[in-house]
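Q: I'd like to learn how to read a model like this one, feature by feature. Could you take me through it?

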Amino acid sequence: MQIDAKEYENASAYKSLIESYAGKPEYLLAIMQDMQRQYNYLPRLAITMIAAHVGLPVSRVYAMASFYKAFSLTPKGRFVIRVCDGTACHIKNSETLLDQIEKQLQARPGETTADGLFSVETVNCLGACALAPVMVINGRVYGKVNRSDVERIIKEYGGQSDAN
Amino acid sequence: MKITVNGQEREAHAGESILDLCRREGIPIPTFCYHQAFGGQGACRMCMVEIKEDGQSRSRLVAACTYPLTKTAEIITESEQIQRIRRTIVMLLARRAGENPLLEELSRAYGAAHLPAITVEPANCILCGLCIHACAEMGRSAIWSMFRGVDKRIATPYDEASDDCMGCAACARVCPTQAIKVEEEDAVRKIWNKTFALVSCSRCGKYYATREELEYLSKHGDFGQQQLCETCRKKNLAYNIKTFQQ
């Protein structure tokens, strides 16, 4: 299994996080959530370490990690842009927001920019339909946004204006 | 305990499943996800039967493989309703494994409508879960069902060669649709993106197992010691019985 060299540097940090929990299968989800919060994704090395700690096969830990949307198996950017694509936002043209983001950052939903600054995701509903279309960046909500708002907001976070 | 199956009285052990009773009595019930080594999973729903237990006024549908018999009951294994359920299951699974002989045959037998095929990975996999059980039973658990919904599939972590896989191919052997690819050429076996060296039988010379498998087995009993293929092992046993003297 190929593991990124950077992950080995973090190995002791993973270890102390994992060992703050008892080595029982029932703590699997809690450890994974903690790891996700800490690193914005589940590093490969961490997955094998978690499996060994709770005494489950790696395949089961990976199965769980791949099952829940709350977990990411690839590194996420520093800023995670979540664009709502629920019914209300969809009708209010959330597609345009994604278009604008792609134009500016060259990243489609599920992707991370090459500089590791932004990740783009869609969510099915944020429960803020009155503010449609809604976009959330690292927990901060932006409601009733249009194309030029998106451009301005992304620039605030250090993204480029239109690349072309 | 008296159980009436399709109008005929049978004797069941307390707690055994409807499927176990019917298999023993030679009453056919179709299954995909059942294997006698692992018991019922209740996943494929092919084995649905109608049951009316003592004290119940009408019959209901249950999965025969997981339903334990605890009191006198009447069971029907073939009816219009059951037929309809099985037809739907076959119709849906045939989308995943349309060219598989088993599904082809069942589609014909149940008169299932033909729906456009969908591409699945590995091809023909119907997600019955038998391979997961086989691998877990071997004590390895190299594979599991990954992702979910329409993306759900059986795989190794990261779709890469797994340290837990010993190439025994137990998963491929229990697969009802032969969906798990095992490539064998001379002394090499490829399975789940991993390559294994094969060991040959000490008597007939046939390549029969991977080195990893024999090492693992020798740690868990004396299966691996003689290095005999299945055929030679049987011959050996037969010879031992024949020449056995008290």
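Q: Where is Tyr14(A) found?

A: This is a predicted model, so everything here is computed from it. Tyr14(A) sits in helix 2 of chain A, residues 11-19.

Q: Is Tyr14(A) buried or exposed?

A: You count C-beta neighbours, and 20 or more within 10 Å makes a residue buried. Tyr14(A) has 23 other C-beta atoms within 10 Å, so it is buried.

Q: Which residues does Tyr14(A) touch, leaving out those up to four places away in sequence?

A: Pro43(A), Leu45(A), Ala46(A) and Met49(A). By contrast, Lys69(A) is 55 residues along from Tyr14(A) in sequence and 21 Å away in space, C-alpha to C-alpha.

Q: Which residues are the hubs of the largest nonpolar core, touching the most other members?

A: That core has 75 residues, and those touching the most other members are Ile50(A), Ile18(B), Cys47(B), Ala64(B), Cys131(B), Ile143(B) and Cys171(B). Helix 4 of chain A, residues 44-54, gives the most to this core, with 6 residues. Take Ile50(A): beyond its neighbours within four places in sequence, its contacts are Ile18(A), Leu28(A), Ile31(A), Met32(A) and Val61(A). There's also a second, separate core of 18 residues, with Cys89(A), Leu126(A), Met135(A) and Ile154(A) among them.

Q: How many residues does each chain bring to the contact between chain A and chain B?

A: Chain A brings 9 residues and chain B brings 14. On the chain A side, the classes come out as 6 nonpolar, 2 polar and 1 charged.

Q: What does the domain assignment give for each chain?

A: In chain A, the assignment gives domain 1 (5-67) and domain 2 (79-156), with C-alpha centres 29 Å apart. In chain B, domain 1 is 2-78 and domain 2 is 130-242, and their C-alpha centres are separated by 32 Å. Across the chain B pair, 5 residues of domain 1 are in contact with 5 residues of domain 2. The domain 1 side of that contact has 4 nonpolar residues, 1 polar and no charged.

Q: What is the overall make-up of chain B?

A: Chain B has 7 helices and 11 strands. Its C-alpha atoms fill a box of roughly 60 × 60 × 30 Å along the principal axes. Of its 246 residues, 32% are buried. Take the chain B contacts between residues at least 6 apart in sequence: 52% of them join residues at least 24 apart.

Q: How do I check the length of helix 2 of chain B against what it should span?

A: Use 1.5 Å a residue. Helix 2 of chain B, residues 80-96, has 17 residues and should span 24 Å; its end C-alpha atoms are 25 Å apart, which agrees.

Q: And which residues of helix 2 of chain B are buried?

A: An α-helix has 3.6 residues a turn, so residues three or four places apart point the same way. In helix 2 of chain B the buried ones are Arg86(B), Ile89(B), Val90(B), Leu93(B) and Ala94(B). They cover an arc of only 135° around the axis, so they lie on the same side of the helix. That buried set packs against helix 3 (101-110) of chain B, while the face turned away carries the exposed residues Glu80(B) and Arg84(B).

Q: How many residues of helix 4 of chain B are buried?

A: 6 of its 8 residues, so to speak mostly covered. The buried ones are Leu130(B), Cys131(B), Ile132(B), His133(B), Ala134(B) and Cys135(B). Their cover includes strand 6 (144-146), strand 7 (153-155) and helix 5 (170-174) of chain B. After helix 4 of chain B comes Gly139(B), with a positive phi near 85°.

Q: Which residues other than glycine have a positive phi?

A: Most residues other than glycine have a negative phi, and most peptide bonds are trans. Among the exceptions here, Gln106(A) has a phi of about 55° and Ala169(B) has one near 65°. Gln106(A) lies in the loop between helix 7 (94-105) and strand 2 of chain A, and Ala169(B) in the loop between strand 7 and helix 5 of chain B. Gln106(A) is partly exposed, with 14 other C-beta atoms within 10 Å, whereas Ala169(B) is buried, with 22.

Q: Where is there a cis peptide bond?

A: One runs from Ala132(A) to Pro133(A), with omega near -10°; Pro133(A) is in the loop between strand 2 (118-123) and strand 3 (135-137) of chain A. Another joins Glu121(B) and Pro122(B), with omega about -10°, and Pro122(B) is in the loop between helix 3 and helix 4 of chain B.

Conventions. Residues are numbered from 1 along each chain as its sequence is written. Chains are lettered from A and ligands numbered from 1 in the order in which they are written. This is a predicted model: local features need pLDDT of at least 70, side-chain atom pairs count only at pLDDT 80 or more; totals for chains, interfaces and linings use all residues. Two residues are in contact if their C-beta atoms, placed from the backbone, lie within 7 Å. Ala, Val, Leu, Ile, Met, Phe, Trp, Tyr, Cys and Pro count as nonpolar, Asp, Glu, Lys and Arg as charged, and the others, Gly among them, as polar. Domain bounds come from an automatic or database domain assignment. Helices (H or I, at least four residues) and strands (E, at least two) are DSSP runs, numbered from the N terminus. A residue is buried if 20 or more other C-beta atoms lie within 10 Å of its own, exposed if 12 or fewer, and partly exposed in between; C-beta atoms are placed from the backbone. The expected span of a helix is 1.5 Å times one less than its number of residues. The arc is that of the directions from the helix axis to the C-beta atoms. A nonpolar core is a set of buried Ala, Val, Leu, Ile, Met, Phe, Trp, Tyr and Cys residues joined through C-beta atoms within 7 Å.
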